[in-house]
Amino acid sequence: MLVFSDFRNPASLALALSQTLALYPYLLGLRTQSLNTGFPSRKGIAYHGLAYSISSFFKMLSSDNPLRLQKYLADMGLCSRRTAEGYIRDGAITVNGKIAQIGDKITPGTDEIIYEGQRIRHRKQGQIVFALNKPKGFICSNEDPHNERTVFELLPKDYATIRLFCAGRLDKDSEGLVILTNDGDLANQLMHPSNLVVKRYHVSLKQGYPTSKINKLVKGVSYEGQRLKIEKATLLGNQNKDSSKELDVWMHHGKKREIRNLFMVLGFDVVRLKRYQIGRYSIKGMPKGAGVILQENDIKKLFQHEETI
């Protein structure tokens with residue numbers, strides 16, 4: 001077991017370092033494949049898989065230690081860590097009867113955490129990562145008074161009582177791959193733009209898009225004070241044609257309706273938008289409305305990359 005007693009004591013520090021180095025080959029082995037598949041375009045991104053492995057490993061070792069409140073709420077499946085920070089800023093969370101503040105830490109199973117009048121029950125449950133092929137007409141929200149159909153209605157009944165949330169959303173009119181999970185750390189890793197997790201989309205347009213304008217998609221446009229752009233696009237279909245209504249689009253970020261608005265500004269109407277792949281994990285062959293629980297190898301694929309953009 002690692003010793004985290006007092007790093008100001010040279011002996012304790014030496015012991016901790018030696019134990020960490022002894023475990024390093026094991027940790028490295030957990031994400032060997034990920035190390036060979038990262039983007040070289042941003043220094044250190046190739047080590048993303050290793051970083052996630054180390055993070056998960058130390059999380060396991062320190063499960064009984066105080067946790068930051070937003071991390072605990074995400075671990076309990078209430079929401080993502082970023083959303084939890086918003087709840088805390090809005091004063092919607094109390095800890096032992098006091099309004100919580102950003103930076104507060106809690107002891108799982110001991111402190112009483114209340115959200116909207118409901119106590120957050122501490123439970124130890126395994127990681128759940130569910131890949132769903134979302135049909136059009138469903139929203140990526142746990143609850144919305146203006147929309148009756150949510151992606152959570154598509155889950156098997158066995159998961160009806162488990163609080164899951166979307167690690168990245170698709171709008172109501174779009175379809176394709178959505179990741180549902182109870183793991184706040186994983187959701188944050190998938191959604192944060194600095195991690196360069198690539199999402200691939202099949203875009204169908206009303207008008208043919210010319211090859212000569214591909215660079216405009218990559219360069220981007222300004223729209224309502226935001227910069228809209230993608231990382232890569234290729235025309236689908238007959239490669240001898242100078243234009244196509246079907247495109248394969250790559251991006252590793254994603255503002256609300258970014259792809260639709262980008263094409264709209266350039267004068268093209270999106271008639272169908274499907275996200276079919278995240279990292280190297282694809283839903284090819286998966287029926288609409290169906291889904292599957294991802295195992296470790298599939299979760300790794302979410303963070304892997306097929307080629308440099």
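Here, "buried" means under 20% relative accessible area. Keep that cut-off handy, and remember that this is a predicted model.

**Exercise 1. Work out how the rings of Tyr209 and Phe268 meet, and whether they are buried or exposed.**

Solution. Start with the search of the whole structure, which turns up three aromatic pairs. Tyr209 and Phe268 make one of them, with ring centres 4.6 Å apart and 55 degrees between the planes. Planes under 30 degrees apart would be stacked and over 60 edge-to-face, so this pair counts as tilted. Next, place the partners: Tyr209 is in strand 10, while Phe268 is in the loop between helix 8 and strand 15, 59 residues away along the chain. Now the burial check: Tyr209 and Phe268 are both buried. Finally, Phe263 joins these two in one aromatic cluster.

**Exercise 2. Find which element gives the most to the largest nonpolar core.**

Solution. This core has 33 residues, and Val203, Val249 and Phe263 are among those with the most contacts inside it. Several elements supply at least two residues each, including strand 14, helix 8 and strand 15. Strand 10 comes out on top, with four residues. For a closer look, take Val249: setting aside neighbours within four places in sequence, its contacts include Val203, Ile259 and Phe263. There's also a separate second core, of 18 residues, with Phe165 and Leu177 among them.

**Exercise 3. Decide which element has the lowest mean pLDDT and which the highest.**

Solution. Begin with the protein chain, whose mean pLDDT is 79. Helix 2 has the lowest mean of the elements, 34, and strand 15 the highest, 97. Then check the stretches: pLDDT stays under 50 over residues 1–15, and residues 23–63 are below 50 too.

Conventions: Residues are numbered from 1 along each chain as its sequence is written. This is a predicted model: local features need pLDDT of at least 70, side-chain atom pairs count only at pLDDT 80 or more; totals for chains, interfaces and linings use all residues. Side-chain values use heavy atoms; hydrogens and water are left out. A nonpolar core is a set of buried Ala, Val, Leu, Ile, Met, Phe, Trp, Tyr and Cys residues joined through side-chain atoms within 4.5 Å. Buried means under 20% relative accessible area, exposed over 50%, partly exposed in between (1.4 Å probe, protein chains only). Contact means heavy atoms within 4.5 Å. pLDDT is the predictor's confidence in each residue, from 0 to 100. Rings of Phe, Tyr and Trp (its six-membered ring) pair if their centres lie within 6.5 Å; planes under 30 degrees apart count as stacked, over 60 as edge-to-face and the rest as tilted.
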